[in-house]
Amino acid sequence: MEHVRRSDEMRPVKMTPDFTEMAAGSVLIECGRTRVLCTASVVESVPPFKKGTGCGWLTAEYAMLPGSTERRKERDGIKKDGRGVEIQRLIGRSLRAACDLTRLGERTIYIDCDVLQADGGTRTASITGAFAALTLACDKLMKRGLIVDSPVVRQVAAVSVGIVDNVPTLDLEYVQDSRAQVDMNVIMTREPDGEMRYVEVQGTGEGRAFDKKELSKLLALGEKGVKALMKKQLAALGEKAEIIGKKPRLIVATRNFGKLKEMKALLGDRFDVMSMAEAGVSEDAEETGATFAENAVIKARALMNQAKCAVVADDSGLVVDALDGRPGIYSARYAGVHGDDDANNRKLLKELANVPAPRTARFACAVALLRPGHEPLVCEGTCEGEIGFEKKGESGFGYDPLFICPQLNGLTFAEAGEEQKNRISHRANAIRALKRALEAEA
């Protein structure tokens, strides 16, 4: 006895990954009697409007093969039919909504959706299957070392809904679609935190108008169907689904474990933070900038060019008012030898010998985040204080034994210790500003 679907029931769905061998990613998706072959091919170039941006592109093509319907369909020639053009644009928009193409580099992913057999819902099946093919292609790019971060930042799937014989119905096949009073396609994404969002809703009252209550029912059915399809996508992809929403890599331009730990604590919810050693890269750029910000960008850019992923670098130093801002960008080599803390402190005390208290000063830091395909993001932070007359404290480094901070009840950075210092430091303030700037981008 033939099974009669409930109005809220999906057709049987099957996805076969790696259906063909030549394309970087391929999936055969079957929704009832509808069958679509979705492939993702990678080309090492971008359209002219993307050249020089460091950003990739994704585009789609859709076609119904001649034998996909009972009556032979003419094969698309040079000029595609209007319906096919509209559908392939929808597929492209939907998949781009799932991607951060700045992570792809200057290459293009071509999505091809060829309908082998049509029984309703070919455009929504194309989007759902193409997402799986896209994920397979990006996984392959990452395994080959051609890209570092996954461009697939969220899941996307699509389903049709409609009102048939005055009943809101999920996943319309052709016999339902042909007599539907209302026809709608629902395309949604799922964020890594599980939040569902709409990419596009295409709804038309073909036999009659529909009210807000009916719209709500259709959207609820659509979300139910999309979630079921997303579960099928993950099952078909297996462990390769791990690249969906994977945090991008962020390399910290430092050999200081404390600084790395601080970056992980402040940015680890957004990035996979690692050291240069962990990433197998080194930073040896010459700091030729005139400001902390310029030097931070120089260091970050040199490292990003090696690593091909997000990089954060900082430059910091001591700014003393009585010395017209010195030692400033030369803080680490103030006495002539880079990193000679004792010599730097002795020179600072000598130059301030005739300056009475309070000898106001501040630690300043500029943090630069560089990401392929993005403009540099530079944030600065300071910590106000004054220079003491003698060194106090055993912890810290650099000018910490001389820097007295009011926020630490008059202790020097070296007396307060690393944990207290890091809560109010110039670097912590700069990184917090960076985190706020990143949150504002979202």
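**Exercise 1. A charged network and its relatives**

Arg-6, Asp-8, Glu-9 and Lys-224 are linked in a network of salt bridges in this predicted model. Your task: find how many salt bridges the structure holds, and work out which parts of the chain Glu-173 and Arg-5 link.

*Solution.* Begin with the total: the structure holds 30 salt bridges. Now pick out one of them, where the side chains of Glu-173 and Arg-5 meet with 3.2 Å from N to O. That passes the test, since a salt bridge needs a Lys or Arg side-chain nitrogen within 4 Å of a carboxyl oxygen of Asp or Glu. Next, place the partners along the chain. Glu-173 sits in the loop between β7 (167–170) and α3 (174–177), while Arg-5 belongs to the segment before β1 (13–17). The pair therefore links distant parts of the chain, 168 residues apart. As for its surroundings, Glu-173 is partly exposed, with a relative accessible area of 23%.

**Exercise 2. Buried or partly exposed?**

Take the salt bridge between Asp-321 and Arg-362. Decide whether Asp-321 is buried or partly exposed, do likewise for Arg-362, and say what the pair ties together.

*Solution.* Start with the geometry: the closest N and O atoms of Asp-321 and Arg-362 are 3.0 Å apart. Asp-321 lies in the loop between β12 (310–320) and α8 (341–351) and Arg-362 in strand β13 (residues 360–370), so the bridge ties together parts 41 residues apart in sequence. For burial, the cut-off is under 20% relative accessible area. At 18%, Arg-362 counts as buried, whereas Asp-321, at 36%, is partly exposed. For practice, try Arg-103, whose salt bridge with Asp-100 has its closest N and O atoms 3.3 Å apart. Arg-103 has a relative accessible area of 18%, so Arg-103 is buried.

**Exercise 3. Two neighbours of β5**

Work out in which sense β3 and β4 each run beside β5.

*Solution.* A reminder helps here: strands of a sheet pair through backbone hydrogen bonds, either parallel or antiparallel. Strand β3 (residues 34–43) is antiparallel to strand β5 (residues 108–117), and nine bridges join them. Within β5, Asp-112 is the residue opposite Thr-39. Turn next to strand β4 (residues 57–64), which pairs with β5 in the parallel sense over eight bridges. Here Trp-57 has Thr-108 of β5 as its bridge partner.

**Exercise 4. The six-strand sheet and its helices**

Find which strands stand at the edges of the open sheet, then place helices α5 and α11 against its strands.

*Solution.* First write down the strand order, which is β11-β10-β12-β13-β14-β15, with mixed pairing. β11 (272–275) and β15 (403–404) each have a single partner strand, so one side of each has no neighbour in the sheet. Further in, strand β10 (residues 249–252) pairs with β12 in the parallel sense over three bridges, and Leu-250 has Ala-310 of β12 as its bridge partner. Now add the helices. Helix α5 (residues 257–267) lies across β10, β11 and β12, at about 175° to β11. Helix α11 (residues 426–441) lies across β12, β13 and β14 (377–387), at about 155° to β14.

**Exercise 5. A helix crossing**

Describe how α2 and α4 cross, and what kinds of residues make the contact.

*Solution.* The axes of helix α2 (residues 122–143) and helix α4 (residues 212–237) come within 10 Å and cross at roughly 30°. The crossing is right-handed. From α2, the contact uses Thr-128, Phe-131, Ala-132, Thr-135 and Leu-136; from α4, Leu-229, Gln-233 and Leu-237. Sorted by kind, the contact of α2 with α4 has five nonpolar residues, three polar and no charged.

Key. Residues numbered from 1 in each chain as written. Predicted model: local features only at pLDDT ≥ 70, side-chain atom pairs only at ≥ 80, totals over all residues. Heavy atoms only, no water. Pairing = 2+ DSSP bridges. Helix = DSSP H or I, 4+ residues; strand = E, 2+ residues; numbered from the N terminus. Axes fitted to C-alpha atoms, helices over the stretch in contact; angles between N-to-C directions. Left-handed = near helix turned anticlockwise from the far one by under 90°. Contact = heavy atoms within 4.5 Å. Nonpolar A, V, L, I, M, F, W, Y, C, P; charged D, E, K, R; others polar. Buried < 20%, exposed > 50% of the residue type's maximum accessible area, 1.4 Å probe, protein only.
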